[in-house]
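This report is meant for a reader who is meeting the structure for the first time. Please keep the sequence and the 3D view at hand while reading.

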Amino acid sequence: RALEIDLREALEREEFELHYQPIYDFRGRRIGGFEALVRWRHPVRGLVPPAEFIAVAEEIGLIVPLGAWCLTTACTEAMRWPDGIKVAVNVSAVQFRDEIIVESVRAALAKSRLPPGRLELEITESVLLKDNLATLATLYALRRLGVRIAMDDFGTGYSSLSYLRSFPFDKIKIDQSFVRDITSKTDSGLIVRAVIGLGLSLGMRTTGEGIETQEQFDRLRCEGCDEGQGYFFAKPGPARDVPRMIERWS
Ligand code: G
Ligand code: G
Ligand code: MN
Ligand code: NA
């Protein structure tokens, strides 16, 4: 509970910060974008990872203002990056209620003046769990703003394929659990190959997540995956590390 009390005040106290992990473009052989990952710099606990506070933030309704802060901060920081480099922001299912997300995204784009095509929203299957018309309408409203939409952690939900049928995502992010075993387990390799083929057929780009080794990198590139992300390229780091990460992989 102490955490919850602190969390309520963390936004006003400006204790949140975004870290960025590069997303490598296999074909272009360079960093094409960064995923923003929120951290909470707690005065006593130190750097708290999202796994420890996002769920609480959702419960207490903080996720809406926190999500808006993440969007505005990510867009504003991305404006300082070399032209064309994109930024991806994770969006929680709770932010999708009442179309609040559309206003948050509109406001972030207006305030930062980031071209909408450089912002990508990562949503998980939980957003589409109800598969209701309101959710789809919200996704289309976001699409009309000009932002891109990625299906995150693909393959870990209950019926991923039906979600791909209900909405034309720009990108499928293949969950790291499949990438981890891609060279050691035949079935993981075959699943990854099938998902890349699926993306190709449906006109959706694919990103392999959690790449940690040269072997995984080589395998994904050979299979025709569009992008890769993982510790092999870089761990998520503060905004000031972004230029160095771009340099390292250019
Ligand atoms: O950053 P890690 O390195 O610990 O991130 C863990 C998880 O936290 C990610 O899978 C992501 O789904 C979630 N997460 C990170 N940043 C954000 C954010 O800004 N908003 C939401 N809703 N989830 C986030
Ligand atoms: O939003 P998403 O669930 O995809 O968040 C990505 C999570 O995966 C973050 O917690 C990030 O720190 C973590 N991550 C990114 N690259 C790697 C990696 O190569 N290995 C592992 N184990 N975790 C990673
Ligand atoms: Mn993500
Ligand atoms: Na993911």
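The text below goes from the whole chain to the packing of its helices, and then to the two ligands.

The structure is a predicted model, and the secondary structure of its chain comes to ten helices and ten strands. The radius of gyration of the chain is 18 Å, close to the 18 Å that the globule rule gives for 250 residues, so the chain is as compact as a globular protein of that length. Along its principal axes, the C-alpha trace spans about 50 × 45 × 35 Å.

Two helix pairs, which have helix α4 in common, are set out in the table.

| Helix pair | Angle between axes | Separation of axes |
|---|---|---|
| α3 (residues 63–78) and α4 (residues 100–112) | about 30° | 8 Å |
| α4 and α5 (residues 133–145) | roughly 15° | within 9 Å |

An angle under 35 degrees counts as roughly parallel, and α3 and α4 are therefore roughly parallel to each other. The crossing in which α3 passes α4 is right-handed. On the α3 side of this contact lie Val64, Gly67, Ala68, Leu71, Thr72, Cys75 and Thr76, and they meet Ile100, Ser104, Val105, Ala107, Ala108, Leu109, Lys111 and Ser112 of α4. Sorted by class, the residues of the contact of α3 with α4 are nine nonpolar, five polar and one charged.

For the second pair, α4 and α5, the axes come within 9 Å and cross at roughly 15°, which makes α4 roughly parallel to α5. Here too the crossing is described as right-handed, with α4 passing α5. From α4, the residues Ile101, Val102, Val105, Arg106 and Leu109 meet Thr138, Ala141, Leu142 and Leu145 of α5, and the residues of this contact divide into seven nonpolar, one polar and one charged. Val105 and Leu109 of α4 are listed in the contact with α3 and also in the contact with α5.

The surroundings of the ligands can be described in a similar way. Ligand 1 is surrounded by Leu37, Val38, Pro49, Pro50, Ala51, Ile54, Cys70, Asn90, Val91, Ser92 and Pro236, a shell with nine nonpolar, two polar and no charged residues. Around ligand 2 there are 14 residues, of which Asn90, Gly210, Glu212, Gly230 and Tyr231 come nearest, and by class its shell has four nonpolar, five polar and five charged residues. Asn90 is named both in the shell of ligand 1 and among the residues that come nearest to ligand 2.

Key: Residues numbered from 1 in each chain as written. Chains lettered and ligands numbered in written order. Predicted model: local features only at pLDDT ≥ 70, side-chain atom pairs only at ≥ 80, totals over all residues. Near = placed C-beta within 6 Å. Nonpolar A, V, L, I, M, F, W, Y, C, P; charged D, E, K, R; others polar. Axes fitted to C-alpha atoms, helices over the stretch in contact; angles between N-to-C directions. Helix = DSSP H or I, 4+ residues; strand = E, 2+ residues; numbered from the N terminus. Parallel < 35°, antiparallel > 145°, perpendicular 65-115°, else oblique. Left-handed = near helix turned anticlockwise from the far one by under 90°. Contact = placed C-beta atoms within 7 Å. Rg over C-alpha atoms; globule rule 2.2 N^0.38 Å.
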